[in-house]
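This note is addressed to a colleague who meets the structure for the first time. Please read the numbered points with the sequence and the model in view.

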Amino acid sequence: MKTILITGGAGFIGSHVIRLFVNKYPDYKIVNLDKLTYAGNLNNLKDIENMPNYEFVKGDIVDEKFIQELFEERQFDGVIHLAAESHVDRSISNPTEFVFTNVIGTVNLLNSAKHVWKDNFDGKKFYHISTDEVYGSLGDEGMFTEETGYDPHSPYSASKASSDHFVRAYLDTFGLPTVISNCSNNYGSFQFPEKLIPLFIHNIKNNKPLPVYGKGENIRDWLWVADHARAIDTIYHDGKIGETYNIGGFNEWTNIALIKVMCQKMDEKLGREKGKSEKLITYVKDRAGHDLRYAIDATKIKNELGWEPSLQFEEGIEKTIDWYLENEEWLDNVTSGDYQKYYNEQYKER
Ligand code: NAD
Ligand code: DAU
């Protein structure tokens with residue numbers, strides 16, 4: 001039985017990856033290592049928590065000794081590393097936390113894998129999950145390919161870029177069998193409502209202002225989270241050591257167009273008069289260093305590994321809105337307590 005460590009499995013994307021692996025691979029032991037920060041939530045995994053091939057371990061990837069002991073004890077065959085501080089706005093108000101988790105945490109995992117696997121890397125893989133934000137910002141034309149140079153602008157993307165460089169350095173220097181993927185914006189169930197789509201669904205439902213940064217003209221390339229999880233499965237099993245794969249939805253939207261679609265759909269679903277939710281749109285102070293446009297060229301993963309997005313955005317956004325409306329308890333739980341404090345701080349001067 002292979003034992004695979006998945007870090008950050010109680011978060012948004014991680015929970016979808018854990019669910020996929022636990023259900024699809026009964027002969028793998030899946031160990032979910034998560035610190036359970038504000039973004040980590042074991043309720044995201046209720047449906048699989050009692051599966052015999054699943055185990056949760058609470059712990060911090062920044063804790064070097066703990067990580068070292070965990071690797072020595074469990075002798076993992078592979079690592080899929082998702083744990084991170086992931087929200088750009090939080091990286092602007094507290095950059096240091098991003099250096100600890102995203103950079104030092106990643107280096108701790110690399111060191112432990114290198115130490116425990118020694119020189120016997122046969123059948124081993126260290127898979128690092130990264131973001132398209134490391135490539136910086138595009139103008140009107142072009143897309144990010146795997147050859148695009150790094151040009152991060154936020155403390156979040158700078159910390160992810162740094163961790164990507166460490167992963168490549170461990171491959172080049174020590175021969176550690178690594179692979180990296182860089183994905184565009186994900187959407188779907190279990191996303192913490194600090195991110196645009198769940199935040200705005202929550203606010204529309206509660207008739208609260210929709211804080212659009214700047215003019216709402218920034219462009220993001222949206223991918224259904226379960227498609228990202230499938231891509232991670234594909235790359236973990238078939239991706240070539242030393243390679244980088246871009247993952248994206250070929251699905252670009254300006255923020256304002258996306259928000260208007262959400263408003264229209266929610267008017268229908270909530271039985272509101274047409275145009276009512278759009279009135280909640282409030283233009284607020286722009287995000288500092290706000291990247292204008294992201295767009296991923298996902299040709300390589302399609303041509304080399306046969307992966308492509310499965311779901312059209314119109315269907316995906318519909319399903320996503322339905323999920324948040326049907327899972328009020330989940331949303332109420334994560335928006336109680338500290339969330340209110342964060343929300344008031346984040347939006348007070350905008
Ligand atoms: P998330 O914030 O929802 O979840 C992060 C998880 O990591 C949480 O469960 C949290 O408890 C855990 N964690 C944080 N610090 C930790 C630490 N020190 N030790 C152990 N666990 C810790 O994030 P997400 O949106 O699911 O993103 C997952 C990964 O995918 C990240 O590496 C992110 O950079 C990357 N990514 C995200 C997106 C996106 O659109 N959300 C797109 C591309 C790449
Ligand atoms: O591109 C991949 C990245 O996508 C991931 O690496 C990050 O972890 C993830 O958080 C996401 O980053 P973004 O900054 O693009 O996502 P966010 O949902 O925070 O914002 C999406 C867009 O919406 C962005 O242009 C900022 C804007 N926005 C966001 C919020 C929270 C607003 O206009 N108002 C808001 O209140």
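The points below take up the two ligands, the salt bridges and a surface patch of a predicted model.

1. Surroundings of ligand 1. There are 28 residues around ligand 1, and those that come nearest are Ile 13, Asp 34, Ser 86, Tyr 156 and Lys 160. By character, this shell divides into 12 nonpolar, 12 polar and 4 charged residues.

2. Polar contacts of ligand 1. Two side chains reach oxygen atoms of this ligand: a polar atom of Ser 86 lies 2.7 Å from one, and an N or O atom of Lys 160 is likewise 2.7 Å from an oxygen of ligand 1. The backbone takes part through Thr 37, where a polar atom is 3.0 Å from a ligand oxygen. On its own, ligand 1 has 840 Å² of accessible area, of which the protein covers 97%.

3. Elements around ligand 1. Two or more residues of the shell come from each of helix H1 (12-24), strand E5 (125-131), helix H5 (155-174) and strand E7 (185-187). The largest share, 3 residues, is that of E5.

4. Surroundings of ligand 2. The shell here holds 26 residues, with Asp 132, Tyr 156, Arg 287, His 290 and Tyr 347 the closest. Its make-up is 11 nonpolar, 8 polar and 7 charged residues. Tyr 156 thus appears among the nearest residues of ligand 2 and also among those of ligand 1. At least two shell residues are supplied by each of helix H3 (88-93), helix H6 (196-205) and strand E8 (210-213).

5. Polar contacts of ligand 2. Which distances separate side-chain N or O atoms from oxygen atoms of ligand 2 at Asn 185 and Tyr 347? For Asn 185 the value is 2.8 Å, and for Tyr 347 it is 2.6 Å. Asn 255 adds a polar side-chain atom 2.9 Å from a ligand oxygen. The protein buries 95% of the 680 Å² that ligand 2 exposes when taken alone.

6. A buried salt bridge. Side chains of opposite charge can pair when their charged atoms come close. The whole structure contains 18 salt bridges. In one of them, the closest N and O atoms of Arg 90 and Glu 194 are 2.6 Å apart. Arg 90 belongs to helix H3 and Glu 194 to the loop between E7 and H6, so this pair ties together parts that are 104 residues apart in sequence. Both Arg 90 and Glu 194 are buried.

7. A second link between distant parts. Glu 252 and Arg 293 form a salt bridge with closest N and O atoms 2.7 Å apart. Glu 252 is in strand E11 (residues 252-254), while Arg 293 is in the loop between strand E12 (281-284) and helix H9 (299-305), 41 residues away. Is each partner buried or partly exposed? Glu 252 is partly exposed, since its relative accessible area is 35%, whereas Arg 293, at 6%, is buried.

8. Further charged pairs. Glu 308 pairs with Lys 302 at 3.7 Å between the closest N and O atoms. Glu 308 is partly exposed at 41% relative accessibility, and Lys 302 is partly exposed at 42%. Lys 265, Lys 269, Glu 318 and Asp 322 are joined in a network of salt bridges.

9. A nonpolar surface patch. Val 99, Phe 100 and Ile 104 make up a nonpolar patch on the surface, with about 240 Å² of accessible area together. Val 99 sits in helix H4 (residues 95-117) and counts as partly exposed because its relative accessibility is 41%.

Technical notes: Residues are numbered from 1 along each chain as its sequence is written. Chains are lettered from A and ligands numbered from 1 in the order in which they are written. This is a predicted model: local features need pLDDT of at least 70, side-chain atom pairs count only at pLDDT 80 or more; totals for chains, interfaces and linings use all residues. Side-chain values use heavy atoms; hydrogens and water are left out. Patches are made of residues with over 30% relative accessible area and no salt bridge: like charges are joined within 9 Å, nonpolar side chains (Val, Leu, Ile, Met, Phe, Trp, Tyr) within 5 Å. Accessible areas come from the Shrake-Rupley method with a 1.4 Å probe; for residues, only the protein chains shown count as cover. A salt bridge is a side-chain nitrogen of Lys or Arg within 4 Å of a carboxyl oxygen of Asp or Glu. Helices (H or I, at least four residues) and strands (E, at least two) are DSSP runs, numbered from the N terminus. Buried means under 20% relative accessible area, exposed over 50%, partly exposed in between (1.4 Å probe, protein chains only). A residue is near a molecule or strand if one of its heavy atoms lies within 4 Å of it. A polar contact is a pair of N or O atoms within 3.5 Å; within protein, one must be able to donate a hydrogen and the other to accept it, and residues adjacent in sequence count only if both atoms are side-chain atoms. Ala, Val, Leu, Ile, Met, Phe, Trp, Tyr, Cys and Pro count as nonpolar, Asp, Glu, Lys and Arg as charged, and the others, Gly among them, as polar.
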